[in-house]
Amino acid sequence: MVKATRGVLITCDPAVKQILLQLDESGQLGRFIISDLDDTHLLIAPDYVERVQDELELELEKNHFAQGGGDEE
């Protein structure tokens, strides 16, 4: 008998995938990864899509490099 699982396919680069794997392992959002398919694809639970997007944006902003040396006026 075949078992089907509902999920959302995520395509990303390997660096973003590592961030998602760390978020899943930390349990900060709960366990949302259903399957790690290959280097650039993950299957995640549909209920977590918006929360994962929001948390990923926060993580990417932490790693954002701003040019200009911070001399804002």
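This is a short walk through the structure shown above, from its overall fold to its pairs of charged side chains. Keep in mind that you are looking at a predicted model.

Let's start with the fold. The protein chain contains two helices and three strands, and if you follow the chain from the N terminus, these elements come in the order β-α-β-β-α. The chain has 73 residues and a radius of gyration of 15 Å, while the globule rule gives 11 Å, so the chain is more spread out than a compact globule. You can look for this in the C-alpha trace, which spans about 65 × 20 × 20 Å along its principal axes.

Next, consider how the residues sit together. Among contacts with a separation of 6 or more, 49% are between residues 24 or more positions apart. Buried residues make up 29% of the protein chain. As for the outside, the accessible surface is about 5,800 Å², and carbon and sulfur atoms account for 48% of that area.

Now for the charges. The protein chain carries 6 positive and 16 negative side chains, and the centres of these two sets are 14 Å apart. Side chains of opposite charge can pair when their charged atoms come close. How many salt bridges does the structure hold? There are three of them, and each is worth a visit.

Begin with Asp36 and Lys17, whose closest N and O atoms are 2.5 Å apart. This pair links distant parts of the chain, with Asp36 in strand β2 (residues 33–38) and Lys17 in helix α1 (residues 14–26), 19 residues apart. Is Lys17 buried or exposed? Lys17 has a relative accessibility of 6%, which is under the 20% cut-off, so Lys17 counts as buried. Asp36 is partly exposed, at 42% relative accessible area.

The second salt bridge joins Arg31 to Asp24, with an N to O distance of 3.7 Å. Here Asp24 counts as buried, at 6% relative accessibility, whereas Arg31 is exposed, with a relative accessible area of 55%.

For the third, move along to helix α2 (residues 49–62), where you will find both Glu59 and Lys62. These two residues are three residues apart, about one turn of the helix, and their closest N and O atoms are 3.0 Å apart in the salt bridge. Glu59 has a relative accessible area of 19%, which is under 20%, so Glu59 is buried. Its partner Lys62 is exposed, at 61%.

Technical notes: Residues are numbered from 1 along each chain as its sequence is written. This is a predicted model: local features need pLDDT of at least 70, side-chain atom pairs count only at pLDDT 80 or more; totals for chains, interfaces and linings use all residues. Side-chain values use heavy atoms; hydrogens and water are left out. Helices (H or I, at least four residues) and strands (E, at least two) are DSSP runs, numbered from the N terminus. The radius of gyration is taken over C-alpha atoms; the globule rule is 2.2 Å times the number of residues to the power 0.38. Buried means under 20% relative accessible area, exposed over 50%, partly exposed in between (1.4 Å probe, protein chains only). Contact means heavy atoms within 4.5 Å. Accessible areas come from the Shrake-Rupley method with a 1.4 Å probe; for residues, only the protein chains shown count as cover. Lys and Arg count as positive and Asp and Glu as negative; His and the chain ends are not counted. The place of a charge is taken as NZ of Lys, CZ of Arg, CG of Asp or CD of Glu. A salt bridge is a side-chain nitrogen of Lys or Arg within 4 Å of a carboxyl oxygen of Asp or Glu.
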